[in-house]
Amino acid sequence: MTEVLLTAPEGETIPVACVAEGALDGLTAVEQGLAAAADFKGKAGQLLAVPGADGRTARVLFGIGDPGKVQAMAFRALPAKLPVGDYRIEDAPGHLDAAQVALAFALGGYGFDRDYDVVTLWPMI
């Protein structure tokens, strides 16, 4: 299995901001405009990549729905939705255990392929 968890970043990391459903007022004006255009409302599992001035992804908004009900396994969906890169999760609800969130992310990035010559690159946190 390819490593999907980093103990220390090897360069710049892209922040993944956890956004509760309907809690878009904490976003910048540009992020709010992008969210409106993409119909991003912070619903569980929604993802919105926010470009920087250079056009590369500067931040990712990850919808978690109701922050009181979200479980660590919700983060299992991230690797399939993110492009290859190094990420860090920000603003995760305090009741979630970081180790469980990391495990969910790792499980989401796991894939078995009988063809061992095929290398699949996954995002990392």
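Which residues make a nonpolar surface patch of about 270 Å²? The patch is made by M73, L103 and L107. A patch here takes residues with over 30% relative accessible area and no salt bridge, joining like charges within 9 Å and nonpolar side chains (Val, Leu, Ile, Met, Phe, Trp, Tyr) within 5 Å. A salt bridge is a side-chain nitrogen of Lys or Arg within 4 Å of a carboxyl oxygen of Asp or Glu. Areas come from the Shrake-Rupley method with a 1.4 Å probe, and for residues only the protein chains shown count as cover.

Before going on, note that you're looking at a predicted model, where local features need pLDDT of at least 70 and side-chain atom pairs count only at pLDDT 80 or more, while totals for chains, interfaces and linings use all residues. Residues are numbered from 1 along each chain as its sequence is written, and side-chain values use heavy atoms, with hydrogens and water left out.

Back to the patch: its member L103 sits in helix α3, residues 98-108. Helices (H or I, at least four residues) and strands (E, at least two) are DSSP runs numbered from the N terminus.

Next, a few residues outside the helices and strands. For exposure, buried means under 20% relative accessible area, exposed over 50%, and partly exposed in between (1.4 Å probe, protein chains only).

| Residue | Loop | Relative accessible area |
|---|---|---|
| D39 | between α1 (29-38) and β2 (47-51) | 46%, partly exposed |
| R76 | between β3 and α2 (78-81) | 46%, partly exposed |
| D91 | between β4 (87-90) and α3 | 54%, exposed |

What's the phi of D39 near? It's near 60°, a positive value in a residue other than glycine. D91 also has a phi near 60°. Those are worth a look because most residues other than glycine have a negative phi.

R76 has its own story: R76 and G108 are 32 residues apart in sequence, yet their C-alpha atoms are 4.3 Å apart in space.

Finally, the second largest pocket has a volume of about 190 Å³. On a 1 Å grid over the protein atoms alone, a pocket is an open set of points with protein on both sides within 12 Å along at least five of seven lines, and lining residues have an atom within 4 Å of a point. The volume is the space filled by probe spheres set on the points. E12, T13, I14, P15, D54, R56, T57 and A58 line this pocket, with β1 (14-20) and β3 (57-65) each supplying at least two of them. By class, the lining has 3 nonpolar, 2 polar and 3 charged residues.

Definitions and conventions:
1 Å grid on protein atoms, 1.4 Å probe; cavity = no way out; pocket = protein on both sides within 12 Å on 5 of 7 lines; lining within 4 Å. Nonpolar A, V, L, I, M, F, W, Y, C, P; charged D, E, K, R; others polar.
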